[in-house]
Amino acid sequence: MAKLIERLVPTISLKDYESRQAEIEAQLVAAAENTGFFSLVDHGITVEEIEGMFALSKRFFDLPKEVKAKTSYDVSTNNGWEYKAQVRASTGQADEKESLWMQRNSNWPSDEDVAGFHATLSSFIAKCEVISDRVLRCFSVALGFPEDFFKQAHDVTKPDCLTQFRFLHYPASTDAVGTWRAGTHTDIGCLTLLFQRDGEDGLEMCPGRESHHSMAAGDEFSPVPAKTGPILVNIGDMLMAWSDDRFKANFHRVRAKDAGFSPDRYSIAYFNTPRKDFILQGPLKKYPAMTVYEYFRSQVERQFGHNREKKAEVPAESIKTPISAAA
């Protein structure tokens with residue numbers, strides 16, 4: 001199993017990035033073309049910093065519900081704290097988790113409720129931006145775009161950028177034996193950085209998708225062990241479309257243990273999703289050109305259209321259903 005996972009999710013070092021960019025690009029492209037998952041090491045974020053972020057996340061999720069609700073979920077912006085609110089078409093049930101969605105200028109928990117929240121999170125997000133830029137720079141070159149193409153598309157300083165940060169908590173359970181804590185899905189954006197912790201397994205992936213609007217080919221899911229330190233990265237639907245299906249956005253889920261007790265699982269995700277008005281079309285023009293937001297809306301409908309009735313009171317143009325349910 002270890003060799004299978006190593007083949008499906010290769011480990012790629014970002015050490016000496018500037019002098020090794022061509023080598024790193026080749027490794028990233030190979031991973032993107034095959035399974036769409038890879039693990040980054042030597043990325044510039046220390047284990048201590050990652051552990052500090054998980055500690056910050058836990059301090060938030062340990063708060064009473066009424067305190068967490070101060071950062072209430074806003075369906076019009078897709079930011080804030082939500083609890084078991086994401087219903088999957090793949091399961092027909094709400095995912096067994098709670099999460100906190102945030103953007104640069106959205107409402108965050110206060111430092112009074114979670115000490116040091118703003119400074120700690122801001123520093124961590126800045127490092128995620130640097131790592132994302134390096135990976136996306138390689139993909140820009142590989143696809144024949146200008147080197148800064150995806151950097152411009154994901155300019156987080158612009159108010160229309162859809163990039164988001166997310167804390168996730170899957171509560172411990174003995175009732176969810178063999179079930180999905182997060183149902184089968186793909187991520188809608190371009191690129192997801194996922195941070196996990198030792199011993200908090202459950203993520204599974206299924207390779208074999210042929211187009212960005214197709215379902216999975218088969219149902220062979222492989223577990224991806226959780227490790228503190230490496231960043232697990234996966235391609236999203238938007239980048240699959242932008243690459244004319246060359247890069248693969250494959251299905252994944254979070255599954256409870258087949259027997260016994262499933263402990264708490266915490267994960268942290270950084271979703272690279274471009275600016276609304278940026279034009280999305282691959283170099284081969286396999287698909288018609290459309291704006292990022294038009295594509296986003298179409299994928300939201302595909303994944304979450306079944307939730308429409310619950311949100312009928314909200315204007316359709318304001319709805320931004322969760323970009324992903326990162327593991």
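Reader: I'm looking at I12 up there; which residue stands opposite I12 in β2?

Author: In this model, which is predicted, I12 has L40 of β2 standing opposite. The two strands involved, β1 (residues 11–13) and β2, pair in the parallel sense, and three bridges hold that pairing.

Reader: And how does the chain get from β1 to β2?

Author: The path leaves β1, passes through α2 and arrives at β2, and this β-α-β crossover is right-handed.

Reader: What about L40 on the other side, which residue is the bridge partner of L40 in β10?

Author: That partner is I231. Strand β10 covers residues 231–235 and runs antiparallel to β2, with four bridges joining the two. As a general point, strands of a sheet pair through backbone hydrogen bonds, and they may do so in either the parallel or the antiparallel sense.

Reader: Is β2 mostly covered or mostly open to the outside?

Author: Strand β2, which spans residues 37–41, is mostly covered, since four of its five residues are buried.

Reader: OK, zooming out: in what order do the strands of the open sheet come?

Author: Eight strands make up the open sheet, and the order is β1-β2-β10-β7-β12-β5-β4-β3, with mixed pairing. At the edges are β1 and β3 (80–83), each of which pairs on one side only. From one strand to the next, the twist averages 25 degrees.

Reader: Which helix packs on that sheet, and which strands are touched?

Author: Helix α5 packs on the sheet, where its contacts include β2, β4 (98–102), β5 (164–170) and β7 (191–195), and also β10 and β12 (265–272). The direction of α5 makes about 130 degrees with that of β7.

Reader: You mentioned α2 earlier; at what angle do α2 and α5 pack?

Author: Helix α2 (residues 17–34) and helix α5 (residues 117–142) pack at about 75 degrees, and their axes are 9 Å apart. That angle makes α2 roughly perpendicular to α5. On the α2 side the contact involves residues including Y17, I24, L28 and A32, while among those on the α5 side are R134, V135, F139 and A142.

Reader: How many residues of that contact are nonpolar, polar or charged?

Author: By class, the contact of α2 with α5 has ten nonpolar residues, one polar residue and four charged ones.

Reader: Switching topic, where is T46?

Author: T46 sits in the loop between β2 and α3 (47–61). With a relative accessible area of 37%, T46 is partly exposed. The C-alpha atoms of T46 and P230 are separated by 9.5 Å, although these residues are 184 residues apart along the chain.

Reader: And L284, why does that residue count as exposed?

Author: L284 counts as exposed because its relative accessibility is 70%, and the cut-off for exposed is over 50%. L284 lies in the loop between β13 (279–280) and β14 (290–291). From L284 to W242 the C-alpha separation is 9.3 Å, and the two are 42 residues apart in sequence.

Reader: Last one: how many helices and strands does the chain have?

Author: The chain has eight helices and 14 strands. Of its 327 residues, 57% are buried. Among contacts between residues at least 6 apart in sequence, 78% join residues at least 24 apart.

Terms used
Residues numbered from 1 in each chain as written. Predicted model: local features only at pLDDT ≥ 70, side-chain atom pairs only at ≥ 80, totals over all residues. Heavy atoms only, no water. Axes fitted to C-alpha atoms, helices over the stretch in contact; angles between N-to-C directions. Parallel < 35°, antiparallel > 145°, perpendicular 65-115°, else oblique. Contact = heavy atoms within 4.5 Å. Nonpolar A, V, L, I, M, F, W, Y, C, P; charged D, E, K, R; others polar. Buried < 20%, exposed > 50% of the residue type's maximum accessible area, 1.4 Å probe, protein only. Pairing = 2+ DSSP bridges. Right-handed = clockwise from strand over helix to strand, strands pointing away.
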